[in-house]
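Me: I would like to go through this model term by term and ask what justifies each label. Please set each value against its cut-off before you conclude.

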Amino acid sequence: MPTEYEEMVKAKGFLPYDLDTLPTKFIQKAKEELGETDEIRRSALENFRKRILEHKKLKCPTDDEFLIQFLRARKFDVDKALGLLHNYFSLVISYPDFFDNLDKEKIYKCARSGFINVLPFRDNNGCLLLTLKMGNWDPDDINVKVLFCTLGAAIFCQITYPMNQICGVRVIFDSKDYSFKQMRCFVPRYLPLIAKALRNCLPIRIVGIHVVNEAVVFQYAWSIFKHFLSEKVKNRFFLHGDNMQDVHKYIPKEVLPQEYDGDFTCYDDGGLLPKEIDKIYTKFSMAVKTCLS
């Protein structure tokens with residue numbers, strides 16, 4: 001039975017994160033912004049699959065559900081989609097020690113920690129909303145490799161939703177309690193990895209990364225990290241400090257938890273992601289194994 005909050009946000013037109021089918025307005029959005037029609041989709045999928053099968057060194061799934069992610073991300077330009085697919089799997093291949101022996105138990109533990117999670121409702125443009133909360137990550141309990149595997153699984157499950165492929169994602173990066181111990185896990189060793197992933201490796205459009213509660217440690221890490229980013233990616237970062245009214249200019253307060261001065265009062269920050277990963281974990285692990293084989 002819907003809660004009072006759920007009834008309120010639905011009445012205002014906000015859509016749930018887990019939409020399996022596209023509302024009519026977003027079918028039109030895909031047509032206008034991506035050039036997607038039934039005929040273009042059919043032809044592009046056929047051509048894309050053929051190109052992959054001809055490429056003997058490229059090992060990856062070739063079902064429609066998987067391939068459409070890359071085609072939508074590159075507006076059905078098959079050459080560009082193929083380049084993105086190469087980048088996506090080269091990222092995995094470049095770090096085999098991360099993915100060679102996936103630890104399912106630890107990945108689920110990280111998913112339950114609330115370090116990364118999905119907000120239940122989308123913004124008014126249909127964007128998926130994710131939170132990354134540094135204060136929920138204990139590097140002594142969950143090492144950085146498990147963290148990256150969990151992020152990989154989270155991205156894998158979210159890019160399967162057509163709405164996310166079309167509308168993209170906004171991320172709230174909450175750096176409250178970001179410690180020097182955490183920073184040393186990333187800086188400088190894995191900054192190129194993160195920058196590469198953000199630049200041209202993921203089949204999803206990151207509309208904005210909204211950093212909140214940034215303090216000294218984040219400011220130091222950012223002063224280094226930003227030099228690895230292109231201007232285009234840098235312009236997608238928004239540093240808000242503790243000014244939540246500024247965040248509300250981009251993300252409506254109706255869909256945000258109370259900690260960001262939002263209206264959502266009963267948010268469980270470790271609740272949705274484990275269920276999402278559970279849906280795709282077998283596919284995710286098989287795709288990784290195929291890529292590394």
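**Charged pairs and buried faces**

Reply: A first case is the pair Lys249 and Asp246, whose side chains meet in a salt bridge with 3.3 Å from N to O. Please keep in mind that the model is a predicted one.

Me: What makes the pair Lys249 and Asp246 a salt bridge?

Reply: The cut-off is a Lys or Arg side-chain nitrogen within 4 Å of a carboxyl oxygen of Asp or Glu; the N to O value for Lys249 and Asp246 is 3.3 Å, and therefore the pair meets the definition.

Me: Why does Lys249 count as exposed?

Reply: Exposed requires over 50% relative accessible area, and Lys249 has 66%, so the label applies. Elsewhere, salt bridges with shared partners join Glu36, Asp38, Arg41 and Arg72 into one network, and the search of the whole structure finds 19 salt bridges.

Me: Which parts of the chain does the salt bridge between Lys133 and Glu259 link, and how is each residue classed by accessibility?

Reply: The side chains of Lys133 and Glu259 meet at 3.0 Å, N to O. This pair links distant parts of the chain, with Lys133 in strand 2 (residues 128-133) and Glu259 in the loop between helix 14 and helix 15, 126 residues apart. Lys133 has a relative accessible area of 9%, which is under 20%, so Lys133 is buried, whereas Glu259, at 40%, falls between 20% and 50% and therefore counts as partly exposed.

Me: How do you know that Lys12 and Glu254 form a salt bridge, and why is Glu254 called buried?

Reply: The closest N and O atoms of Lys12 and Glu254 are 3.4 Å apart, which is within 4 Å, so the pair qualifies. Lys12 lies in the loop between helix 1 (4-11) and helix 2 (24-34), and Glu254 in the loop between helix 14 (244-247) and helix 15 (272-292), 242 residues apart. Glu254 has 18% relative accessibility, under the 20% limit, and so counts as buried.

Me: What makes the buried residues of helix 12 line one face?

Reply: In helix 12 (residues 216-225), the buried residues are Val217, Phe218, Ala221, Trp222 and Phe225. Seen down the axis of helix 12, they fall within an arc of 125 degrees, so they line one face of the helix. Among the elements that cover these buried residues are strand 3 (169-174), helix 10 (180-186) and strand 5 (237-241).

Conventions. Residues numbered from 1 in each chain as written. Predicted model: local features only at pLDDT ≥ 70, side-chain atom pairs only at ≥ 80, totals over all residues. Heavy atoms only, no water. Helix = DSSP H or I, 4+ residues; strand = E, 2+ residues; numbered from the N terminus. Buried < 20%, exposed > 50% of the residue type's maximum accessible area, 1.4 Å probe, protein only. Arc of directions from axis to C-beta. Contact = heavy atoms within 4.5 Å.
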